[in-house]
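Student: Could you walk me through the inside of this protein, one piece at a time? I'd like to know who packs against whom.

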Amino acid sequence: MEIYLIFTLLKYIAEKNKRNTNLYPMQYQPLVSILIPVYNMESFIEEALDSALNQRYKNCEIILVDNHSTDNTLKVLEKYQSHPNLVIYKNTTNIGMLRNWNTCLSYAKGEYIKFLNADDVLHADVISKYVDIMQKNPGLSLITSSYTTFGSEEKTYTPPVTFGLIKGTEAILKSIASFNWIGSPTQVMFKRSDLTVGNFNIASNLWADWELWFKLLLIGDIYVIEESLTKFRVHSGQTSRDFDDGKTEVQTLNFIKSLTHYEPFHFCLPFLLDTIKRKQYELYEFGMSQFRRRNGKVARLLIKESGSKYVSFFLVKYIYMKIKKFV
C-alpha cells in the first residue's frame, strides 16, 4: 500500500512538472534579456512591449531604456511599471541611437540577448525556438530567421541562404556578396558572453549592427530559421528610411572598405577588394542614372564616392549643361 502511494505521488509530481515546463521541456532554461531601446514611439511601443511580455518562454528579463522621449511614450509605459519582469530606465538626455543600444546591453544579465526595436513585434514562440536551437548548438554565436514587414508594406523576407547551420566565415562572405540578410537587432539573438568582441560601434552609423554580426561570426557560427518569427514595421519615421538619396549605397561601400583595415577579415581580403570594385561601378552607374534624371546633387555624391576615373568628364559635362541652360 505504501509503495503504491509513493508511486502515485511520484507520478503526480512528474505530471505537474511536465505541465509547468512552459511547453518547451529543457533541463535548464537560461535567462534571456529582451532589450527595448525607445525614443518617441508612443504609437507603437505598447504593441512591441506586449509581444515581449507575452512570450511563451518565461525566463526573460525585459529591459526598456527610454532615450529621453519628448512625446507621450513614458505616459504609455506607466501602466507597465509594476510588471515583475520589466525594468524601465530613463536617460536624462538623448545620447543617440547607438549609445542607447549599448546602454541596453550594459543593463543585461541574461545568458542570451534578444533586442526588440520599439516599433517591431516578436512572434510568441521566437524566444523559445531560438533558445532551444542555441542550447543544441553550443558553437553558435548568432541565430536569425525570416521576418515579415507590416505597416505601410506587407511582405515576408527570407534570407537568400541555405537554412540551418552555416559556418561563421561562410556567412560573412554570403552577406558581403549580397546585403545584411542576417537582419536588424530585432531579428537576431546572440550570447552575452560573446560580447568580448565589443558592443555596437557608434562610429559605424547605418551598419553598426551588421559590423557586430560580422565580429560575432568570426568566433562562432549562425543558424537560420526559415519560419518568419519577427515583424518589422515599415513607416515614415524610421532611421533606416532616411537614406533614400543614395547614401545607403555610399554607406555600404564605406563599410566594406572599413573591413579591409581589420586583420581578422584578411581571410577574405581578395573577395573584399573585388566587392569594392563592383560596388564602385554600381555607384557610378547609379550616379549617371541620377544625372540623366537631372538630380545633380545625388549624382555628384555617388560618382565622387565611386572613385571613378570618369569623374572629371562628368563634372565637365555637368558644368557644360548648366552653362548651356543659361545661354
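Tutor: Let's start with the overall make-up, then go through the packing and finish with a couple of loops.

This is a predicted model, so to speak of a local feature we need pLDDT of at least 70, and side-chain atom pairs count only at pLDDT 80 or more, while totals for chains, interfaces and linings use all residues. Numbering runs from 1 along each chain as its sequence is written, and side-chain values use heavy atoms, with hydrogens and water left out.

The protein chain has 11 helices and 10 strands; these are DSSP runs numbered from the N terminus, H or I of at least four residues for helices and E of at least two for strands. Of its 327 residues, 46% count as buried (under 20% relative accessible area, with exposed meaning over 50% and partly exposed in between, using a 1.4 Å probe and protein chains only). Take the contacts (heavy atoms within 4.5 Å) between residues at least 6 apart in sequence: 77% of them join residues at least 24 apart.

Now for the inside. The largest nonpolar core holds 45 residues; such a core is a set of buried Ala, Val, Leu, Ile, Met, Phe, Trp, Tyr and Cys residues joined through side-chain atoms within 4.5 Å. Phe115, Leu142, Ile182, Phe190, Trp213, Phe214 and Ile222 have the most contacts inside it. Helix 7 (residues 208-217) gives this core its largest share, 7 residues. Zoom in on Leu142: beyond its neighbours within four places in sequence, its contacts include Met134, Ile182, Phe190, Trp213 and Ile222. There's also a second, separate core of 34 residues, with Leu49, Val131, Ile133 and Ile143 among them.

Cys104 is a nice spot to park the cursor. This residue sits in helix 4 (residues 97-107) and is buried, at a relative accessible area of 0%. Skipping residues up to four places away in sequence, Cys104 touches Leu35, Ile36, Pro37, Val65 and Phe115. Leu64 is 40 residues from Cys104 in sequence, yet their C-alpha atoms are 7.4 Å apart in space. Thr103 is in helix 4 too, and at 16% relative accessibility Thr103 counts as buried. With the neighbours up to four places away left out, Thr103 touches Val65, Asn91 and Ile95.

Next, a helix pair. Helix 8 (residues 247-259) and helix 9 (residues 269-292) pack at about 160°, their axes 10 Å apart (axes are lines fitted to C-alpha atoms, for helices over the stretch in contact, and angles run from 0 to 180 degrees between N-to-C directions). That makes helix 8 roughly antiparallel to helix 9, a label for angles over 145 degrees, with under 35 roughly parallel, 65 to 115 roughly perpendicular and the rest oblique. Among the residues that meet here are Leu253 and Ile256 in helix 8, and Leu272 and Phe286 in helix 9.

Last, two loops with a backbone quirk. Most residues other than glycine have a negative phi. Asn40, in the loop between strand 1 (32-38) and helix 2 (45-53), has a positive phi near 50°, and Asn40 is partly exposed at 27%. His68, in the loop between strand 2 (60-66) and helix 3 (73-77), has a positive phi near 60°; at 38% relative accessibility, His68 is partly exposed.
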